[in-house]
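Me: Got a minute to go through this one with me? I'd like to start with a single residue and work outwards.

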Amino acid sequence: MLKDHLGKLEYFCNIVETGSLQKASQKAYVSQPQLSKVLRQLEEELDTQLLIRRSDGVIPTPAGDKLYSYARETIDQANQMQLLIRDNVQASGNVYIGTYDSISRYFFPDFIKYLRKLAPSLNIILSTGRSSQKLKELKKGELDIAIIVSSGVKSRSLSEKIIYSDSFGLYHSQQIESSFLDHIIKFPESIHFDATKLGFKHILSCDNLETVKSLTEQGLGVGLLPHRVAREGVLQGKLIPHKKVLIQESEHNISLFYSKKNISAHAQVVINEVERFLTTWAKS
């Protein structure tokens, strides 16, 4: 059974993360033949191929990807638990997190309450702004974690974990006057399209999505909003979908970013917890 091979999963993660048996053996201080044996044992136990060998290294198969995700989560949680209970010392210090307004409003209140109970000596320093700016701050070392809209561009210095995907739609207030139905309210960085071709004669630009949502709920126009952001207003009866036009190709990923190097122990605790908590929240 796989549970009898849990000790081998970290070796497997090293192979996937380095993309090479040679590099993984150097990182883990074991021989390549030993790593090959570990890999063979895992493949025999699961009865499937986990890695594809190429001239430039190895890449995981779909089954290997699934095992890696499971193994990495298991190892991270074990490391986190060790940090929290080792010598009865709780994680402490400041953790700097950057995100955008909607995530800070809907996700962080419950998460900070949860984290306070888990690790009361940890302090979250939360800043909000545009995703592009928070990514720059993370790369400069000014943040430990960024929860932002992914640009889709990979970075060698950062780890990215996609939490959930969203897309945009048009919404308006149930009490909107007909004279405002040709007004569109939008955040310029959302998606780019010609609003005039959709019948809108007036464009109101805002510097964040929460302002778009607020003005839309007050009946000042049709708001261009991510479905996740609009959901609260829909459930409260403040917003309804604007069905006259559909927004195409607006899907985007909300991701957790952090540095691949120099992660403090207390920041790692928050990274593990925020990923788990945020994934659960996104499914709710």
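**Working outwards from a histidine**

Reply: Sure. Histidine 172 is buried, with a relative accessible area of 12%. Keep in mind that this is a predicted model.

Me: Which strand is histidine 172 in?

Reply: Histidine 172 sits in strand E7.

Me: And what does histidine 172 touch, leaving out residues up to four places away in sequence?

Reply: Its contacts are Leu181, Thr216, Gly221, Val222, Lys238, Leu239, Ile240, Pro241 and His242.

Me: How far is histidine 172 from leucine 224?

Reply: They are 52 residues apart in sequence, and their C-alpha atoms lie 9.1 Å apart in space. Leucine 224 is the bridge partner, in E10, of leucine 170.

Me: How do E7 and E10 run, parallel or antiparallel?

Reply: Antiparallel: strand E7 (residues 168-173) and strand E10 (residues 222-226) are joined by four bridges.

Me: What's the strand order in that sheet?

Reply: The order is E9-E8-E10-E7-E11, five strands in an open sheet with mixed pairing. Strand E9 (202-205) and strand E11 (239-241) are the edges, each pairing on one side only. From one strand to the next, the twist averages 35°.

Me: Which strands does helix H8 lie across?

Reply: Helix H8 (residues 209-217) lies across E7, strand E8 (183-186), E9, E10 and E11, and runs at about 140° to E10. Helix H9 (residues 227-235) also packs on the sheet, where it touches E7, E10 and E11. The direction of H9 makes about 120° with that of E10.

Me: Back to side chains. Is lysine 186 buried or exposed?

Reply: Buried, with a relative accessible area of 11%, which is under the 20% cut-off. Lysine 186 is in strand E8.

Me: What is lysine 186 in contact with, leaving aside neighbours within four places in sequence?

Reply: Ile191, Phe193, Ile203, Leu204, Ser205, Cys206, Val212 and Leu224. So leucine 224, the bridge partner of leucine 170, turns up among the contacts of lysine 186 as well.

Me: New topic: pockets. How much space lies in the largest pocket?

Reply: About 1,600 Å³. There are 45 lining residues, and the closest to the centre are Glu17, Tyr68, Ser159, Lys161 and Tyr258.

Me: Which elements give two or more residues to that lining?

Reply: Helix H1 (9-18), helix H4 (62-85), helix H7 (131-139), strand E6 (158-166), strand E12 (252-259) and H10.

Me: Tell me about H10, then. Why does its span agree with what a helix should give?

Reply: Helix H10 (residues 265-283) has 19 residues, so at 1.5 Å a residue the helix should span 27 Å. The end C-alpha atoms are 28 Å apart, which agrees.

Me: Which residues of H10 are buried?

Reply: Ala267, Gln268, Val269, Val270, Ile271, Asn272, Glu273, Val274, Leu278, Trp281 and Ala282. The list includes a run from Ala267 to Val274.

Me: Last thing: how many cavities of 30 Å³ or more does the structure hold?

Reply: One. The largest cavity has about 30 Å³ of space, and its lining is Ile112, Leu115, Arg116, Ala119, Leu122 and Ile124.

Me: Which element gives the most to the lining of the largest cavity?

Reply: H6, with three residues. Helix H6 (108-118) and strand E4 (122-128) each supply at least two residues of that lining.

Key. Residues are numbered from 1 along each chain as its sequence is written. This is a predicted model: local features need pLDDT of at least 70, side-chain atom pairs count only at pLDDT 80 or more; totals for chains, interfaces and linings use all residues. Side-chain values use heavy atoms; hydrogens and water are left out. The expected span of a helix is 1.5 Å times one less than its number of residues. Buried means under 20% relative accessible area, exposed over 50%, partly exposed in between (1.4 Å probe, protein chains only). Two strands pair if DSSP finds at least two bridges between them. Axes are lines fitted to C-alpha atoms, for helices over the stretch in contact, and angles run from 0 to 180 degrees between N-to-C directions. Contact means heavy atoms within 4.5 Å. On a 1 Å grid over the protein atoms alone, a cavity is a set of points where a 1.4 Å probe fits but cannot get out, and a pocket is an open set with protein on both sides within 12 Å along at least five of seven lines; lining residues have an atom within 4 Å of a point. Grid points are joined across faces, edges and corners, and a volume is the space filled by probe spheres set on the points.
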